[in-house]
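Subject: Structure handover

Hi,

Here is the structure for your files. My notes follow below it.

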Amino acid sequence: MSRPTPCPSLLRKPALAVSVIALLQASCGPGYQVPAVTPQLVKIARAPQSRLERGYTVHQAKCAKCHSFENPADYGIDELKHEIMPKMARKAKLDMADQEAVLAYLLAARQIPPAPGS
Ligand code: HEC
């Protein structure tokens, strides 16, 4: 789970990208290590733990199907809220409650520093 991921940046070669994505997911995991719903995360979040856990679970299940996990800290709060989540929720076919749960989770997760090596 928390293995460091020295993944090669072969993704820039389009012809390789598809097989590399499959390999990355199989061999060294996603580039960004998604934080679990810890007491620390619950404390900084402005959402109940149950919603964060739902967001985490849905995010794990649906959000790395087309690309590896994205670090939410790379994006602004408004961008996540108003642009990225509505768009990605459509792509992942989330209902409104799941979309809100994933958003709550990402807004908390973006305040957690990524694991070293990710
Ligand atoms: C059906 C495929 C698909 C699914 C499922 C998906 N994404 Fe994406 N995602 C994309 C594509 C394609 C892009 C590239 C930019 C675009 O199309 O807007 C992207 C880009 C992103 C970006 C970069 C910001 C941007 O708009 O370019 C983030 C962050 C992101 N996705 C998060 C998520 C999250 C969170 C979920 C789960 C709710 C998710 N994605 C599910 C296809 C998907």
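Which residues are closest to the ligand? They are C63, C66, E70, M88 and A92, among 15 that surround the ligand (C-beta atom, placed from the backbone, within 6 Å of it).

Two points on the source. This is a predicted model: local features need pLDDT of at least 70, side-chain atom pairs count only at pLDDT 80 or more, and totals for chains, interfaces and linings use all residues. Residues are numbered from 1 along each chain as its sequence is written.

Back to the ligand. Helix α4 gives the most to the shell, with six residues (helices are DSSP runs of H or I, at least four residues, numbered from the N terminus). By type, the shell has nine nonpolar residues, one polar and five charged (Ala, Val, Leu, Ile, Met, Phe, Trp, Tyr, Cys and Pro count as nonpolar; Asp, Glu, Lys and Arg as charged; the others, Gly among them, as polar).

Next, the helix packing. α3 (residues 49-62) and α5 (residues 96-109) pack at about 95°, axes 7 Å apart (axes are lines fitted to C-alpha atoms over the stretch in contact; angles run from 0 to 180 degrees between N-to-C directions). That makes α3 roughly perpendicular to α5 (65 to 115 degrees). α3 contributes R51, L52, R54, G55, Y56, V58 and H59. α5 contributes D98, A101, V102, A104, Y105 and A108 (contact: C-beta atoms, placed from the backbone, within 7 Å). These residues divide into eight nonpolar, two polar and three charged. Y105 touches L52, G55, Y56 and H59, leaving out residues up to four places away in sequence.

Best wishes

Conventions:
Helix = DSSP H or I, 4+ residues; strand = E, 2+ residues; numbered from the N terminus. Parallel < 35°, antiparallel > 145°, perpendicular 65-115°, else oblique. Contact = placed C-beta atoms within 7 Å.
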